[in-house]
Amino acid sequence: MGESLEIAYLADHPDWVPVVALMHQLTMRMPSERNYDHSLQMFAARGNRDKLPIALVAIEDSIPVGSVSLVQRQLNVGDACSPWLAGLFVLAEYRKRGVADALMREAEQLAVALGHHRLYLFTHTAELYYRKRDWENIGTVHPPEVRHQSVVMQKHLR
């Protein structure tokens, strides 16, 4: 991880909303699932600091290199499952340098500061990554928005 890594609220960098939305589309979605306008609206709505939804951005050498969000609802599984860690991504050239872990730590601390003691997420590609970081599998879903069977996971926050 570069010594200049910073985790900041996307709200503090509103001009980066289009950049983060495009990076999200290029990193997280299959080509057939890309919808930049939707992603742009989604990240514009996450420009909060003290209420959900909130997006955090990883900045290295003044460049946004990744992001993660906390959202109220992610899947239609009931209101009891909230909030959700959503859209964790890091640009390929910055992976395996601790950026994702720094984003997750900051998101978890933020969730606790907002009064939450549990987080949820779903993934179809990174179950092992999250298991190694104390997330537990609580079921599977096949959400139409990602078109893949996915694992739903939770983490109890300290």
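Colleague: Why does Glu60 count as buried?

Modeller: Buried means under 20% relative accessible area. Glu60 comes to 4% in this predicted model. That value is under the cut-off, so Glu60 is called buried.

Colleague: What makes Arg97 and Glu60 a salt bridge?

Modeller: The rule asks for a side-chain nitrogen of Lys or Arg within 4 Å of a carboxyl oxygen of Asp or Glu. For Arg97 and Glu60, the closest N and O atoms are 2.4 Å apart. That is within 4 Å, so the pair qualifies. Arg97 sits in the loop between β4 and α3, and Glu60 in strand β2. They are 37 residues apart, so the pair links distant parts of the chain.

Colleague: How do you know that Arg97 is partly exposed?

Modeller: Its relative accessible area is 29%. Partly exposed lies between the 20% and 50% cut-offs. So Arg97 is neither buried nor exposed.

Colleague: How many salt bridges are there by this rule?

Modeller: The count comes to 5. Another one of them joins Arg133 and Asp101, with the closest N and O atoms 2.5 Å apart. Arg133 lies in the loop between α4 and β6, and Asp101 in helix α3, so this pair ties together parts 32 residues apart in sequence.

Colleague: Where do Arg131 and Glu127 lie?

Modeller: Both are in helix α4, 4 residues apart, about one turn of the helix. Their side chains meet in a salt bridge at 2.7 Å, N to O.

Colleague: Why is the Trp84 and Tyr120 pair called tilted?

Modeller: Start with distance. Ring centres must lie within 6.5 Å, and these are 5.7 Å apart. Now the angle. Under 30 degrees counts as stacked, over 60 as edge-to-face and the rest as tilted. The planes of Trp84 and Tyr120 are at 40°, so the pair is tilted. Trp84 lies in strand β4 and Tyr120 in strand β5, so the pair ties together parts 36 residues apart in sequence.

Colleague: Are those two rings buried or exposed?

Modeller: Trp84 is buried at 0%. Tyr120 is buried too, at 5%.

Colleague: What makes Tyr129 and Tyr130 edge-to-face?

Modeller: Their planes are 85° apart. Over 60 degrees counts as edge-to-face, so that name applies. The centres are 5.2 Å apart. Tyr129, Tyr130 and Trp135 form one aromatic cluster.

Colleague: How do you know that Arg46 lies over the face of Phe43?

Modeller: The distance cut-off is 6 Å from the ring centre. Arg46 is at 5.3 Å, so the distance test is met. The rule also sets an angle limit, 35 degrees from the ring normal. Arg46 is listed as lying over the face of Phe43.

Notes. Residues numbered from 1 in each chain as written. Predicted model: local features only at pLDDT ≥ 70, side-chain atom pairs only at ≥ 80, totals over all residues. Heavy atoms only, no water. Phe/Tyr/Trp six-rings, centres within 6.5 Å; stacked < 30°, edge-to-face > 60°. Helix = DSSP H or I, 4+ residues; strand = E, 2+ residues; numbered from the N terminus. Buried < 20%, exposed > 50% of the residue type's maximum accessible area, 1.4 Å probe, protein only.
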